Amino acid sequence: MAIDSERLRLRPVSPDDVDRLHALDADPEVMRYVSGGDPTRRDTVSDWIVPRSQAQFASHGTGMWTASLRRGDEFVGWVQLRLPRHSAEQELELSYRIARRHWGSGLATEAASSLIAVTFLSTDTRRVFASAHAEHAASHRVMRKLGMRLSPMSLSADHLSGNRMDGDVEYELLREQWTASRGRHHSAEASGRHRRSIGTTEMTA
């Protein structure tokens, strides 16, 4: 199964991706707001990250997707919608990681937008949320481009007053917001096909 957007092809992660994922996490700038710049151990990728995502795909049809350019198949990074650890709601947590050479190209937004579209059209997910470090301006821009808004928990008096925010800030996108803004005219495409067009996104079995 793959998801094709204008420039990208998304595929469920597999053990064949371990070296690419490990190399991505070896860049301290990529990991700056994740681990303070520390790389991820290769055995963590091979023994925990990939198997955990594959287990979520098997049980719930969601997890980590690798992103590659459709022209040339160059690895770009990954995008993920995963089940929150402590939530009984119909919601998924968005995260992504893009190689530094592709920053500023809009690929993070394109990958996340495609995955969100497929998710809202083919599952009962009610809410997608994501966290961004308060100082990570690029991630805040991606969230806003996706149509996400600050969640109620992030709209504290300090945030609204314009004071500097510390730690992570949560954004959210509700199903009805997505449908109203960009999904309504695609609703007829949501069921029963092995190949579905979703805007500029196609899903293939």
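**View 1. Gly-61, just after helix H3.** Right after H3 comes Gly-61, and its phi is positive, near 70°. Helices here are DSSP runs of H or I with at least four residues, strands are runs of E with at least two, and both are numbered from the N terminus. This is a predicted model, in which local features need pLDDT of at least 70 and side-chain atom pairs count only at pLDDT 80 or more, while totals for chains, interfaces and linings use all residues. Residues are numbered from 1 along each chain as its sequence is written, and side-chain values use heavy atoms, with hydrogens and water left out.

**View 2. Helix H3 from end to end.** H3 covers residues 42-60, 19 in total. From first C-alpha to last it reaches 26 Å, close to the 27 Å expected at 1.5 Å a residue (the expected span is 1.5 Å times one less than the number of residues).

**View 3. What H3 leans on.** Which residues of H3 are buried? They are Val-45, Val-50, Ser-53, Gln-56 and Phe-57. Buried means under 20% relative accessible area, exposed over 50%, and partly exposed in between, using a 1.4 Å probe and protein chains only. The buried residues of H3 pack against strand E2 (8-12), helix H1 (18-25), strand E3 (64-69) and strand E4 (75-82); contact means heavy atoms within 4.5 Å.

**View 4. The largest nonpolar core.** A nonpolar core is a set of buried Ala, Val, Leu, Ile, Met, Phe, Trp, Tyr and Cys residues joined through side-chain atoms within 4.5 Å. The largest one has 36 residues, and Leu-10, Val-79, Leu-94, Ile-116 and Met-148 touch the most other members. Elements giving two or more residues include strand E5 (91-98), helix H4 (107-122) and strand E6 (127-133). H4 chips in the largest share, 10 residues. A second, separate core has 12 residues, among them Val-13, Val-30, Met-31 and Val-50.

**View 5. Strand E5 and its neighbours.** Seven of the eight residues in E5 are buried, so the strand is mostly covered. On the E4 side, the two strands pair in the antiparallel sense over six bridges, and Leu-81 stands opposite Leu-94 in E5. (Strands pair if DSSP finds at least two bridges between them.) E5 and E6 run parallel, joined by three bridges, and Glu-91 has Arg-127 in E6 as its bridge partner.

**View 6. Leu-94 up close.** Leaving out residues up to four places away in sequence, Leu-94 touches Val-79, Gln-80, Leu-81, Ala-112, Ile-116, Val-128, Phe-129, Ala-130, Leu-146 and Met-148.
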